Each structure stands twice: as structure tokens, then as C-alpha cells.
Amino acid sequence: MKKRWILLGCMLLLTVGGCGSSQADALYNSGIEALNEGDYEGAAETFDQLTRMGKRLPEAYRGEGIAWLRQEAYPEAIAAFSRSLNYMDFSNGEFERDVTCYLAAARLAYGETEKAIDLYSGLLKKKADPQYYYLRGKAYLIQGDLEKAQKDFERALKDSTDYNSYITVYQLYVDQGQGQQGQEWLEMALQLTPETGEDYYQQGRIFVLQEEYEEAADALVEAVNLEDTDAMLLLGSVYLNMGDSASARSMYQNYLTSGEYPGRGYNGLALCDIYEGSYDSALQNIQSGLDAGEDEEARRSLLYNEIVVYEHQEDFATAKSKMAEYLAEYPGDQDAVRENQFLSTR
């Protein structure tokens, strides 16, 4: 059997605890529900009420810490996780490791890399978990210690046949400006023997990262033949990169008949239209994609490509208006910020 594991940050055990019979249990349940719904401000306020009551303190401070961490309020998160550990009786080893892992993540995000490494090392003394090796390797990489990072990643991925894990490690190197060194992890993944449609899809992703589009197409065709619908979308993109818009269009049309997210298929068709200069058709496909339903990933791409179409049509007034709406919704999109700077000159 394949050894697979997922590279995450820490465990996020957002389950409703307690019987709900007391005010403290009701507050705790409410805080957990707010976390699950992404209402981090509300969650922090709710857990703060619970800590002021002096009830369920290890759990309440943990929940408050997660809420602050999700808001990138790192000093507050560090304080909350530290208090959770201080109030813990350490009878629950899994809970202790979970909170410690979150504390390390908060310290790493806050720039306290050495302290994060110490926490991960402490976790590894208690349990040699591949997840902790991965996280400490990430911290070493951020610190610039490539040798120690590599050793930890090797321990984390020992005997792993999960392509996505290798890609995730590679992306860490890219994020630190060490993409060339990270290539070896992609090469390791390519030594694996693909067995399933998902494996061939992930192999295709690696070839795309290496800009080896012919090899990517071969792998993705195998994935499509094994009924991996996600591979249809990536294969369409690969065909476009190869200048074969007809094959790309056919793949996106096939996805519309069998894929889970029609908006992504329509977005692909719009990209084919843009490539071919059929801008009216592109706008029609974009609108069809937006009308297709709730799919945030597709919606964001469709809205951005709509701006691109208006730019190609030299309708800069509409493009500027659409861009203002887009940036109001996605202010962190740096590609859009740069494109907006170009539009401001038109």
C-alpha cells in the first residue's frame, strides 16, 4: 500500500466539544462554530468571554490563539497558545502537541524562527512524526540553513509516494528564492511509478512546473484516460501553452460535460477565445461561468479575465471600472495591482 500523508500546518480539530448544558459549554461551542465559519473576530471575542469566566481555559486559549493566528495577529496568538499550555495539566498528549505546534507556527510567522525550531525539536523528541520534520525543515529553510532543511525534508518524505508532498516542499524552496535547489524534490517525485489517474495528474503538474509541456501532456492524457477530471483542466492549459487552442478548447468542452465545477470549464473556453482574439465569445463564456454557480476559484479567474478582454478590446474605461471592483474584493492580488498600474496610464 502507498504511504501517503498530507503536508499541513498543525492539526485543526474544530469539533464541537462539551454537552452544551452550561453557559461555558455554550460559549465554547459558539466559538468553535465561529472558527469553522471563518468568523475569526467573533471567535476571538467569544473565547475571550470564556477565559474571563475562568472556564475551559486550555481549550479556550487554544481557540482564541487560532482565531488570532488566522487574522495574522501573531503576538496575540503567541500569548494565547502560551496561556493554553500554562493552564494545561498535560494529561492529554495529543492536545499538548497540537497547541505546541500552533505556537511554533505563530512564532515562525512572527519571525521568531529559532524559537519555532526549538518547539518543533521538542515535539520530535516526544514523537518522530514526519509532519514535525517537515515543519522544522520549513523553519530551517526560512532561516537559510539549507543543509538541515534538506535532512528534515528527507526524513519527512522517507518512503513517501505522495507526489503532492514533493511539490509542496519544492514550493517552499521557491518561496525562499531557492527554486533551483528545490528542483531536486521534483526530480525525486518523478522517480515514483504512477499508478492512478491522480498520480499521472500530479506527474503532469511537475512537468508543467519544469515547463516540459510535451511530457506534461503525455502524463495528463494518461490521467484523463483514467477519468481524472482535474487533469482535463490542466491539460487544456498545457495545450494553450503549446499553441494548440483547438485541442485546449476540446478539453475544456469535455470538462463541461463531466467536471464538477462548470465555471472552470467556461473560464478555459474564455482563455481559448482570448488566445484566438474572439473577445465577444470570451465575454459570453465568462458570463456563463459566472452564472454557473458558487465556485470562488473560478469566479476570481473569470472576473480577472473579463478585465483582460476589455483591455484587448481597448475599452479601457470599462476595464478600469471592472478592475476597481475586482481590487475591492481581492486587494491582495499583486498581479491585479500591477495591471491596475498599467491601466492607470491608459
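**Helix pairs and a pocket**

Biologist: Into which classes do the residues of the lining of the largest pocket divide, and how many are in each?
Modeller: Ala, Val, Leu, Ile, Met, Phe, Trp, Tyr, Cys and Pro count as nonpolar, Asp, Glu, Lys and Arg as charged, and the others, Gly among them, as polar. By that scheme, the lining of the largest pocket has six nonpolar, five polar and three charged residues.

Biologist: What kind of model is this, and what volume does the largest pocket have?
Modeller: It is a predicted model, where local features need pLDDT of at least 70, side-chain atom pairs count only at pLDDT 80 or more, and totals for chains, interfaces and linings use all residues. Residues are numbered from 1 along each chain as its sequence is written, and side-chain values use heavy atoms, without hydrogens and water. A pocket is an open set of points on a 1 Å grid over the protein atoms alone, where a 1.4 Å probe fits, with protein on both sides within 12 Å along at least five of seven lines; lining residues have an atom within 4 Å of a point. Probe spheres set on the points, joined across faces, edges and corners, fill the volume, which for the largest pocket is about 360 Å³.

Biologist: Which elements give two or more residues to the lining of the largest pocket?
Modeller: The lining has 14 residues, and the closest to the pocket centre are Leu233, Leu234, Arg264, Asn267 and Glu297. Helices are DSSP runs (H or I, at least four residues), numbered from the N terminus. The elements giving two or more residues are α13 (229-241), α15 (262-276) and α17 (296-312).

Biologist: Are α3 and α4 roughly parallel or antiparallel?
Modeller: Axes are lines fitted to C-alpha atoms over the stretch in contact, and angles run from 0 to 180 degrees between N-to-C directions. The axes of α3 and α4 come within 8 Å and cross at roughly 165°. Angles over 145 degrees count as roughly antiparallel, under 35 as roughly parallel. So α3 is, relative to α4, roughly antiparallel.

Biologist: What is the hand of the crossing where α3 passes α4?
Modeller: Picture the near helix turned from the far one by less than a right angle: anticlockwise is left-handed, clockwise is right-handed. For α3 passing α4, the crossing is left-handed.

Biologist: How do α4 and α5 run relative to each other?
Modeller: Helix α4 (residues 74-86) and helix α5 (residues 93-109) have axes 9 Å apart, at an angle of about 155°. That angle is why α4 and α5 are roughly antiparallel.

Biologist: Which residues of α8 and α9 make their contact?
Modeller: The axes of α8 (residues 146-156) and α9 (residues 163-175) are 11 Å apart, at about 165°. Their crossing is right-handed. Contact means heavy atoms within 4.5 Å. The partners are Ala149, Gln150 and Phe153 of α8 with, from α9, Val169, Leu172 and Tyr173.

Biologist: What is the phi of Asp159?
Modeller: Asp159 sits in the loop between α8 and α9. This residue is not a glycine, yet its phi is positive, near 65°.

Biologist: Where does Arg56 lie?
Modeller: Arg56 has a positive phi of about 45°, although it is not a glycine. Its place is the loop between α2 (40-53) and α3 (57-70).

Technical notes:
Parallel < 35°, antiparallel > 145°, perpendicular 65-115°, else oblique.
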